[in-house]
Structure formats: structure tokens, C-alpha cells
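Here's a set of exercises to work through with the structure open beside you. Try each task before reading its solution.

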Amino acid sequence: MINVTIDGIKASVPEGSTILQAASEVGVRIPTLCYHPDQSIKANCRVCVCEVEGNRLLVAACAMPVFEGMVVKTRTPKVIEARKTIIELILANHPQDCLNCIRNGNCELQELAEEYCVRENPFEYKVRGFEKDFSTPSLFRDQDKCILCRRCIEACSVIQSVNALGLQERGYHSMVVPTMGKTLAESPCVMCGQCIHACPVGAIGEVEGINDFLAAVADPEMIVVTQIAPAVRVAIAEEIGMTTGSMGMDTFVTGLRQVGFDYVLHTNFTADLTILEEGNELLKRVKEGGTLPMFTSCSPGWINFCETFYPDLLDNLSTCKSPQQMFGSLVKTYWAEKMGVDPSKIYSVSIMPCVAKKFEAARPEMNASGYQDVDLVLTTREIGRLFRMSGLDFSKLPGSNFDSWMGAYTGAAVIFGATGGVMEAALRTVYEVVTGNVLEDVNFNVARGFEGIKEAEVDLNGLVVKVAIAHSLSNARKLMDQVRAGTSPYHFIEVMACPGGCIGGGGQPITKRNAKRIERIDALYAEDAGLPVRKSHENKEVAKLYEDFLHEPLGHKSHELLHTHYHDKHKTVL
Amino acid sequence: MAEEMRIVLRNYGKVDPLNIDTYVAQGGYQSLDKARSMDKAALMAEVKKSNLRGRGGAGFNCGMKWTFAAGAQADQKYVIANADEGEPGTYKDRLIMENDPQSLIEGMAVCAYAIGATKGFIYLRGEYPELVSTLNAAIAQAKDKGFLKDFDLEVRRGAGAYVCGEETALIESIEGKRGEPRFKPPFPPVIGLWGKPTIVNNIETYANIPAILEKGADWYAGIGNAAYPGTKVFTLTGDVVNKTFFEVPTNITVRQLIFDFGGGIVGGKKFKAAQIGGTSGCFIPESLLDTEVAFDTMGAAGLSLGTGATFVMDETRDIVDIVTRIAGFFEHESCGKCAPCREGTMRTAEIMEKINEGKGSVKDTALLDKLGTVMSYSCLCGLGQAAPSPVLTTIKHFAADYEAKFK
Amino acid sequence: MDYKEIIAKFADMPGGIIQAYHALLDEFSYLPEEAVVEAARVFKMSTAEAYGVATFYSMFSVNTRGKNVIRICESAPCHVAGAADVVAAMEKTLGIKMGETTADGRFTLEFTECVGQCQATPVITVNGKPYLDISADKIPAILAECK
């Protein structure tokens, strides 16, 4: 242990601790901006500078390791003046349109400006005036707001291995830009949106669909129907100041009706359906010598990644559409039929933890119903904004149930939101289908946890199935390189583009910490454990769907509505 | 009058840079032989005892630095010569490399032996393309003659980035990256090029090594200023009669440098200011001319030695205009990694232009003063820390020049 | 020589991308997009990084340049020695502004910071070669040397 004194307070901290860590041990919070708890140390914003006795120079608390006897002062006049000047410098060319900003009230720079009482900035206000990049349906970039902390670059390169973002030029002219200074759409960006979580300000955000939603609600002709993805409920509470997972599904449903949805259905329904289609697809490939390993296909960021970086492996992807798109094609066919409504009047909105879903919904091939299958994708954050706009007090709201035909779900669908969840759900079903035995313990703990790559072997009455699970694309890349090299031992690989799976999706409440992601995962497994039915093939509404409409997994209608194909999107600028 | 004393330029005009035999004839490579016959610890102790301090501008004890790298455990270590001589007005390292490249190579080989490195790089600024072949020829000859043994040496070119003179930015550049400084610690002698222990020294520093080993640490420590012994090469530019270079003991004064060696001001005009150390150096008024040029005496007077470039301005020169140009230099050369430098150099240039155009006021100099002071202790690397020096020292010593420009 | 061949020569040099860019510059005066992409591949870095390197160093350019790149030093010693007059004379002679390229693609004018030839200011470089003690009357002869 190392003994240090911070602002007169003695502390004993482990060797290798930084001043920032040591200070937090004794209750001294040092302001930061470029610092990110789950990333490498950057030390480039210099907002965390402190005085160390014996040093003329101030030191960056985030990067400076403590030494025995170190005396640190975190709030001398010299320190305060330095920090305030640096904040003023950053603010002087940062657009002062906080009121209109997508990160208003949730911005690290705004907080600093408030804390350091920046009133009249001595530096001339000079916005650089770049055009915003709205080239993708998922993400936008507002270059003027970028403070060059580089956290997005690390998210995109280290965590996702996509490398769609980099630096251009130097000095005051340096910018974070998509590859070769092009637009996001021209870059290899897979639209996972992890850069949004990394960004301390409003330089990157989701392309908002709230106005489209309000217009649909205002149209008396339209039947506004929604589906909610499994990862949304556990996180939505965070958007309205409640603790993770604390909003009950029943009050959530009421809240959605209150903001204007006519029918509230659940993506979990098609998650269960996915298991039946995908499980059977896997078994068919194993039995008939199809392309293996088979990859899951529910994560649209992952699909974009595979199409962009591994176009040679597209045959390995399950042909199953994602639950969102299965839902989209069914709601305007099966559900419309059951409800006796005109599908052209259905406005299908999905609520997703994801920004890549916006891109997925807009894919031209996603029109199996004869219409655009999903009309609008709203992220968890956007639903949070609608809830705040509506003034709802969820602690007092009565609960209500999902609507019929596509609202029922099992615990297996719930865990789709966590890394390993799709695999576990599939194993619960495949086990019973193949062995004919009842699965007594449905918990496949090998599939759970935050490790980057998990693997398991499951013995299905002599048929040994080898599976692997990866979350975040840098981990997926490792498994893909094995497949490409012909050394992959697996039959089935689950990939989720985002860290932790959908609960860490690009559309979720802004979070820097993996610890928060783990909290959300725990909430999902708790929900699963509390449900009476936990195997997808036991979902009664899904059974009804097959009985009345689809007839059999992988059948003709399934093929038409629930399966898709992929495109080689290799880009020369990779 | 004080006299020149040539140590690093001892072979200037006496050897053919493309013929190693002429260097050997002057006693070249005997010091390397001597070094290799010594215990490594004793060798480093000798260098340390000479009190040779880094000639690139930071003034760190060279032998001490070597011991850090020597003490680090690693399968590979590197020796780098910093030939990214980018401080405007400086060309001393070019002189050494152009005229006596073997002195540099011998110095590097001594360092490699001392710390246990087998690979070295000369990071040559992109603006010296003609030196690539000279250095490569010199390396090849040293190899052919067997002087380098297992020490492999390679020339790498920079490409126009002043910041690469900062040792960690230089390392990044050799690694093929943007030349952006790393935060320290860790320092390069512990974690440097490709994560391995690395010594980065200036060309002038290395060129001193053979002479120190030949004549002994005590000899060297006895030359010039005791705290910063030896000689220093100065390059004189601007309104000075002798626009050329001089190698002098470190205990001469700025006045001697400009008036004795430099021959005074051109055209019999009066002295106004000198900027020593390159464009990041402090501006020196008449009243401080009797300061000794050594590292610490300059520091004590609020000045800096830097690279030894000496830019002299006569009474007709527009200090504010010159500092405005210098501010533009730093705006252009800031790497942009850290906020106070990226934004601060731009703002400094912006405000200097405003003042230079006659639109400024005392509020602007006050802001420049505050900004420069904050930058000097908040920026990530030496570039941002030193960039405000010309502004801060001219506001201090040449306030009247600013006032004359106010609206 | 083809850009791929040029880059391939440096493939075994760790961190050699900057050296490869220099070689490309000798051939093309600038770094074409496909060469940056190829360099990224050869040096096992992302294109975004290779582009970041290409745009960091002032001697490199990802935009087309003239066959002869003339750079005028504007650092303080050249500044006081009359660099502004050299700029004006050069702009007048070539009929372009600093940062521009002549219509025939022969010349590009750029600023540079100190090139370390301060014994005889002002200084310009043509394709990296320094010319010292420049005045307006020396310009025609220098330009005549260029292809």
C-alpha cells in the first residue's frame, strides 16, 4: 500500500493507483472529461489537473500514479484557474445550443460548465460550422460539438474493431472523422451506436423518430402498434430517474398506451418464434450437412459487421430475420388478419435498445408483408423522452396487460436481451426437441456472464453440440477469423454487437460503465426466473401462430415472412 | 574576448563525412573501444560524473537517464537519436550530421553498449532529405569496419511535425503513427519504443560522448558552467552581424554571444531583443544580457537555453508582429491531442493577431498572460508548456510594444 | 512505379508507413486514396489510422498537388528576413495564391515552418531541396530548373 495525502486527508491506496482513484477513496471527486472508466487513460482534456507538492507542473489525476509520501492538492487557486480556463477554452468553440441538444441534461461538458460557474467566457465564441452528418438512418454526427476526447474512436476500434472513426489533420484543425474523412454511411460504420455511449457530449446521437411517432398518433386513420424488445424494460426506468429494472412490465404497458400506442405487443413473442425457426434451422444444417457453424442473426449491428467485414461468411448466418423484423412482417399479415384491420392502416413502431435497428427496419428487403414491415424504430432513450414529455408518474400508474395474438412470451425470450441469452433460449428448446426429454433445470449457466467469449458443449443424447457466444464485435472478430481459417470447432455461434448484449445497446440510456450493463443483465435473469413458462416452444400464442398461419417451422410461409438474405457490403476503405 | 571551444564540432572541416577513415584518423572509435572495455556501470558512472546534460532542451543528466534504461529488464532495448531539429533558427544538429556523422554514431554505439541495446534509430526531420544518404553511408561504413558489432542502426525520416522533437511523439512517429506525445510517466527509459526501454538523446548530446570518454569526465565537468558543463553550439540568426554558428563554453553570457561572437547588431543599430532556444524560447531584453547561457542560470533569470538558437532583433523590429508570427507557428504545430494546447495555441494566435492589427487592449494582454500561464503548467507535453514563453516574456519585458499597438 | 510496388518495399519495416508515404510522395507529390488504403493493409492498421497519419504530417497531403511543390518558410528568422516579399513575388510569378496549384499542374505553393537552413534567410524548398537567401530576382531561375 502507498501512503498519500490528498487535500490534507491521509490515504493508503494500492500501488499503481492513480491520483484520481486515490482521491475517490477519501471522498474527493476530481472533475474529468476525457476519462472513461472502461477505456484506456487518455489524459488529453487536462480537466483533472492537480498540484503535487514539489512539481511546478500540474499533473493529470487520471494518469498520474501515486508514490509514497505524495502530497496532492486538488483545489488550490492555481488548480481551479487552470481547470476553469480549460473548460472555457473548450466551451468557446462548442455550440451553445444546449437547450436544443440531444444530450441536454446528460452532458459531461454541461455539468463541468455548471460546476465551474462559467458565466462570461473571456474567449471569443467561435463555432467551427461543420455540416452535420445525417448520412445514416441510425446515427448522426455533429462535428461542431466534438471535444476531441477520442472516446468514440476507442469504442469503435478497440471494443468493436470496426475502425470507422479516426483522426484527421492536427492541432486546432484536428477532427474525429469517419474513415478517410468521408460520411458515416461511406465508412465501415456498422451503426452499433457504442460511440454514442462513449461520447461525453452531443457530438454523436441517434437519429430521432419522435416527431414521426407523434404525427402517426395524431393521424386518426392510423392504428399505432408497438413491439418492445426484451432489453428495454430493465433499462427504461433509468431514463425516468428510477433504479435499473424497477419498472414493472404492467406499468410500462400502461405508460405506452398513455403516450399514444393503440396496441402494445411484445418482441418477446417473436423472440420465442425465432427460437423455433432458428433452432430448427440449426438442426437441419447439422443433419443435412449445411453450412456450419451457424451464426445468430438478431443483432443488426452484427449483421452489418458480417456483411462488411466477412462477406465470405454470409452463408453461415442464420436466414432468420431478427425478432423485430419477424414481428414487423407478422403484424401486417397474421395480426391484421386476426384483428380484422387493414394492414395499410397499421403504423408499426418498435421500441428497441438499439440504433442499428433503425437501419435494419429501413432495409429495402424488409417488406415481406407487402408494406414496410416496421415503420418506425424508437430507442429506449426516445421512449424515455416521450415518458418525460407525457408527465407520467409511474409509481402511481395502474398496470395493464399486453394485447392479444402477439403479446405472450416466455422467460427464454426475456433473456434475449443479455449476451448468451439467445444461445440459452435455443438450448432450452433444442434439447427437448432433439432428446424428447423434459429439461428439468432450464438454467444454462455456461452461457451467462460478461466474459467476451464463452463456449460450451451440450450433449443432446449423443449429439454433441459445440457452441460459442461473443459480445462486442472485437470478440466476434476472433471467432470469425477462426471460421475463415477453417479452425472453428463450433456448430452454433451467438453474436451480439454490443457489450453485454442488447442491454448495452446503442439505444439504451447513456452509460459509460460495464457495471451498469451487468446490473441490467441481472434484472433480465431475475425476470426470466420469475416467469411460469421459460421455454420458447411452450409459448401458447406462438403455437397458435403455427397452428393457424405458419403451419410449421421453416415452412413455406415462414420462408416468405420470417427469413431473409444478406448482402456483400465489403468496402474498399476498410 | 572569450573563445570558441569545439567539442561536438571538433572534427568540423577535419573529416570527410563520407569517409570513415578520416574520422578514425582523428582518433574516432577509440572511445567506443574504451567504453566496451569498461564495466557498464562504471561507464555510465563516468558519463554521469561528466554532468553532461541533454542538449535538446530539457537538460536532464545523460548518464542518469542511461542508468534507468540499463536497469529496466527487457528482451529488447532501443537507442534513438533525436534529429528532429525543428526549433526555428536551429541547425546545429544538421552541422554535426553533415560534417561528422561518425561522432553521432559512435556516441549512440556507446549508449547501446551501456544500456544493452542492439537496435538504434536516427529520427531525422523530414526537412533534411539530403542527409539520409550521408547518414546511411556513414552507418554502412561503420558496420563494414566492424565498429558497430551487434548494434543495428537505421535512419527514419519525419515528415514535417515540430512536435516530433518531443521524445514520446518521436517514438510514436517511428512506430508509424501520428506524432502525438504520450503522457509521462512512464518515461521512455522504462517504456519507450514498442513498449521497450528506450533512450532518446539529442544529436549534440551523443556527439559529446566520444570526447568525454577520450578525455575523461573530470575534464568535461571542468568546462564552462559547473552545473551545466561543457560547450553549447549556438546558431545566430536575425539582425546579427555574424549569422553563423559558434560552439562555446557554457559560462559565457548572452551579451558575449551576441556582441563578441555575433559581432553585434547589423548596420550599427541598437539591440532590442534576443530570443534564445528557438521559437519556444523566451525574449531577452537588454537588461538580462549578462545572464550566463547555461541551463540553470538562464532558468533562474526566467529564460531558457533550449536548443541554443539565438534570434536577434534590432531596435526597428516589431516585437508584437514577430510574436504574432510565432503564435501562428504554434497553432500550426500543436498536435491537437490535449485541450489546453490545441485550443490555447489557436486562441493565442487569434488574440495576438487582434493586437497586431491594432484592435487589442490591455484586457487582451491580461487574457494572454493568464492563458499562457495556465498552458505552461497544464499542457500534456513540452510543446504546449513552452509555447506561451514568447508571449509571456514579451508581455513582461516589452509591454510598451504592446501598448503602442492598442486601439 | 505502381503505388503497390512502392509500398511493398517497406512492408518488412515495423512502423514503416511514414517511410512508404515519403516514397509515394516522390512519385506522386501527394498520397492518393488507394495508396493510403493499401498502406493500411500492408502495415496492418485500419484505414482510419493510416489516413490519420497521412493528414498529421505537413509534408504529406491527401489532396492532389503540382509536380513541383514549392514551400516557403515563414518561421520567425525568415519572417524578419522578408518571407512575405518572397510569398508575394512567388504568387505574382506563378499567378496562384499560397495553397494553390497552377492550372498546368506544374507548381503548388505551400507554407512551411523552419527547414533548418537559417544561416541564409529567407529560405524556400522545391521538392524538399532548400534554396537560400531568396529574393524576388532569384525566383525565375529557380522555377526554370523545375520540370
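**Exercise 1. The contact between chains B and A**

Task: work out how many residues of chain B are in contact with chain A, and which helix of chain B gives the most to that side.

Solution. Bear in mind that this is a predicted model. Start by counting: 28 residues of chain B meet 26 residues of chain A. Next, find the elements on the chain B side. Helices α13, α14 (339-356) and α15 (362-378) of chain B each put in at least two residues. The top contributor is α14(B), with 9 residues. Finally, sort the chain B side by class: you get 12 nonpolar, 7 polar and 9 charged residues.

**Exercise 2. The contact between chains B and C**

Task: do the job again for the side of chain B that touches chain C, and find out which element gives the most there.

Solution. This contact draws 38 residues from chain B and 30 residues from chain C. Elements of chain B that supply at least two residues each are β3 (152-157), α8 (167-174), β7 (231-238) and α13 (319-333). Among these, α13(B) gives the most, with 6 residues. Split by class, the chain B side holds 12 nonpolar, 14 polar and 12 charged residues. Now put the two exercises together: α13(B) supplies at least two residues to the side that touches chain A, and α13(B) also turns up on the side that touches chain C.

**Exercise 3. The largest nonpolar core**

Task: which residues of the largest nonpolar core touch the most other members?

Solution. The core has 362 residues, and the two that touch the most other members are A:A61 and C:Y21. Ask next where the largest share comes from: helix α6 (residues 101-115) of chain B, with 10 residues. Then zoom in on C:Y21. Leaving out residues up to four places away in sequence, C:Y21 touches B:A159 from chain B, plus C:L31, C:A39, C:A54 and C:F60 from chain C.

**Exercise 4. Two open sheets in chain A**

Task: give the strand order and the pairing of each four-stranded open sheet described here.

Solution. Take the parallel one to begin with. Its order is β11-β10-β13-β14 (chain A). The edges are β11 (263-266) and β14 (376-379) of chain A, each pairing on one side only. Ignoring direction, neighbouring strands are turned by 25° against each other on average. Look inside the sheet and you'll find β10 (residues 223-228) and β13 (residues 346-352) of chain A pairing in the parallel sense over 6 bridges. To check the register, note that A:V225 stands opposite A:S348 in β13(A). Helix α9 (residues 267-288) of chain A lies across β10, β11 and β13 of chain A, at about 30° to β11(A).

The other sheet runs β12-β17-β16-β15 (chain A), and its pairing is mixed. Here β12 (294-295) and β15 (453-460) of chain A each have a single partner strand, so one side of each is left without a neighbour in the sheet. A parallel pair sits in this sheet too: β16 (residues 463-471) and β17 (residues 492-496) of chain A, joined over 5 bridges. In that pair, A:V467 stands opposite A:F492 in β17(A).

**Exercise 5. A helix pair in chain A**

Task: are α8(A) and α13(A) roughly parallel or roughly perpendicular?

Solution. The axes of α8 (residues 249-259) and α13 (residues 380-390) of chain A come within 10 Å and cross at roughly 70°. Angles of 65 to 115 degrees count as roughly perpendicular, so α8(A) is roughly perpendicular to α13(A). The contact is made by A:G255, A:Q258 and A:V259 on α8(A), and by A:L386, A:F387 and A:S390 on α13(A). By class, that's 3 nonpolar, 3 polar and no charged residues.

**Exercise 6. Placing C:K67**

Task: is C:K67 buried or partly exposed?

Solution. First locate C:K67: the loop between α4 (47-56) and β1 (68-73) of chain C. C:K67 has 16 C-beta neighbours inside 10 Å, so it counts as partly exposed. Its contacts, not counting residues up to four places away in sequence, are C:S29, C:G105, C:R106 and C:K147. For context, buried residues make up 49% of the 147 residues in chain C, a chain with 7 helices and 4 strands.

Key: Residues are numbered from 1 along each chain as its sequence is written. Chains are lettered from A and ligands numbered from 1 in the order in which they are written. This is a predicted model: local features need pLDDT of at least 70, side-chain atom pairs count only at pLDDT 80 or more; totals for chains, interfaces and linings use all residues. Two residues are in contact if their C-beta atoms, placed from the backbone, lie within 7 Å. Ala, Val, Leu, Ile, Met, Phe, Trp, Tyr, Cys and Pro count as nonpolar, Asp, Glu, Lys and Arg as charged, and the others, Gly among them, as polar. A nonpolar core is a set of buried Ala, Val, Leu, Ile, Met, Phe, Trp, Tyr and Cys residues joined through C-beta atoms within 7 Å. A residue is buried if 20 or more other C-beta atoms lie within 10 Å of its own, exposed if 12 or fewer, and partly exposed in between; C-beta atoms are placed from the backbone. Two strands pair if DSSP finds at least two bridges between them. Axes are lines fitted to C-alpha atoms, for helices over the stretch in contact, and angles run from 0 to 180 degrees between N-to-C directions. Angles under 35 degrees count as roughly parallel, over 145 as roughly antiparallel, 65 to 115 as roughly perpendicular and the rest as oblique.
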